[in-house]
Amino acid sequence: MQQQTSEQLRAWFRRVEPIYPELFNAAHAICGNYDLAEYALRSAIVEVWAQGAGGGMGFRERLRGELRRAAFDAVRSEEAAGAEFTWPGLSARSEDPVLALAAQEPPEIQRALLLRHGCALSLRSVAQLIEVPAGTLRANLERFETRFRHALPRQDRNRAEAMITRSLRRALSRNTAGIPNPAQVYRAFEAEAEGMQPAGHRFSRGFGRALVLLLALACAALFWLFAVIVQPAPEPSAAPAAAETAAPENAVP
């Protein structure tokens, strides 16, 4: 199995770096704990790499999807039971009107807003994470949206929900305070990835072996068919001819 070089791994990881802050901040909001979030981030990066994903279209969405899955797995793990809640909340010093207003909410509402609008989680998933009934969560989110809409000029009020979503997604990608050093996460990724092989390469080698086997079987079948065609036909038996020429003993002349 051909191993990946450090240069290849580093080049692949550079495709992750533009979305790196967003991934960690989303994981931290979902897990609520820094260490669990960092573990989920590393797991997601290694998994997407192992799938053979390159930097083309859909690469970021694949990272986001795998990050959510890894973060939810971390939340359900045994380690999460005694983990300290470390999520810091939204910055109260932000100049963004959405974040400034959201920072006035209790921490669980801030987290719910970020999970719902920033991470695009379903209402049910958010309710499970912050451990409140879905009806209560919906009422709290609608109350915040109403507060924000009333603070806007009349001509902008119909865009309130879109503005909330845009601001909270931007908060995920732009907040770099306290996130793990990318070099540290890269070293962990490199240690796990060295000696492994992306799924695309594994598939290509497996497909090649299968193709060689099929060609060998086809060749064997052709040789058998050729041998059957060129085999000489058996000579006719002389017994019937002798029987025709021999006259019966009681034949009438």
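Is glutamate 131 buried or exposed? At 71% relative accessibility, glutamate 131 counts as exposed, because anything over 50% falls in that class. Keep in mind as we go that this is a predicted model. You'll find glutamate 131 in the loop between α7 and α8. Its backbone has something to show you too: phi of glutamate 131 is near 60°, a positive value in a residue other than glycine.

Now look for another residue with that kind of backbone angle. Alanine 120 sits in the loop between α6 and α7 (123-130). Its phi is near 60°, again a positive value in a residue that isn't glycine.

Next, follow the chain to helix α9. This helix has 15 residues and reaches 21 Å from its first C-alpha to its last, close to the 21 Å expected at 1.5 Å a residue. Which of its residues are buried? They are Ala160, Met163, Ile164, Thr165, Ser167, Leu168, Ala171 and Leu172. When you look at numbers like these, here's a handy rule: an α-helix has 3.6 residues a turn, so residues three or four places apart point the same way. And what covers the buried residues of α9? The cover includes α2 (20-31), α5 (97-102), α6 (107-118) and α8 (134-151).

Let's zoom in on one residue of α9, threonine 165. With a relative accessible area of 18%, threonine 165 counts as buried, because the cut-off is under 20%. Which side chain does the side chain of threonine 165 make a polar contact with? The partner is the side chain of histidine 117, at 3.1 Å. Along the chain these two residues are 48 residues apart, yet their C-alpha atoms are separated by 4.8 Å.

Ser167, also among the buried residues of α9, has a polar partner of its own. Its side chain makes a polar contact with the side chain of aspartate 96, at 3.0 Å. Aspartate 96 lies in the loop between α4 (59-76) and α5. A loop residue can be buried too: aspartate 96 has a relative accessible area of 16%, so it is under the 20% cut-off. Leaving out residues up to four places away in sequence, aspartate 96 touches Ser167 and Arg170.

How do the helices pack against each other? Two packed helices are described by the angle between their axes and the distance between the axes. For α8 and α9, the angle is about 105° and the axes are 9 Å apart. These two helices are therefore roughly perpendicular to each other. Where they meet, Phe144, Glu145, Phe148 and Arg149 come from α8, while Ala160, Glu161, Met163 and Ile164 come from α9.

Helix α8 also packs with α6, at an angle of about 85° and with the axes 11 Å apart. That pair is therefore roughly perpendicular as well. Here α6 brings Ile109, Ala112, Leu113 and Arg116 to the contact, and α8 brings Leu137, Asn140, Leu141 and Phe144. Did you spot Phe144? It is part of the contact with α6 and also of the meeting with α9.

Finally, turn to the largest nonpolar core, which has 65 residues. Which of them touch the most other members? That would be Leu115 and Phe189. The largest share of this core, 10 residues, comes from helix α3 (residues 34-50). Not counting residues up to four places away in sequence, phenylalanine 189 touches Leu9, Trp12, Phe13, Ile45, Val46 and Trp49.

Note on methods:
Residues are numbered from 1 along each chain as its sequence is written. This is a predicted model: local features need pLDDT of at least 70, side-chain atom pairs count only at pLDDT 80 or more; totals for chains, interfaces and linings use all residues. Side-chain values use heavy atoms; hydrogens and water are left out. Helices (H or I, at least four residues) and strands (E, at least two) are DSSP runs, numbered from the N terminus. Buried means under 20% relative accessible area, exposed over 50%, partly exposed in between (1.4 Å probe, protein chains only). A polar contact is a pair of N or O atoms within 3.5 Å; within protein, one must be able to donate a hydrogen and the other to accept it, and residues adjacent in sequence count only if both atoms are side-chain atoms. A nonpolar core is a set of buried Ala, Val, Leu, Ile, Met, Phe, Trp, Tyr and Cys residues joined through side-chain atoms within 4.5 Å. Contact means heavy atoms within 4.5 Å. The expected span of a helix is 1.5 Å times one less than its number of residues. Axes are lines fitted to C-alpha atoms, for helices over the stretch in contact, and angles run from 0 to 180 degrees between N-to-C directions. Angles under 35 degrees count as roughly parallel, over 145 as roughly antiparallel, 65 to 115 as roughly perpendicular and the rest as oblique.
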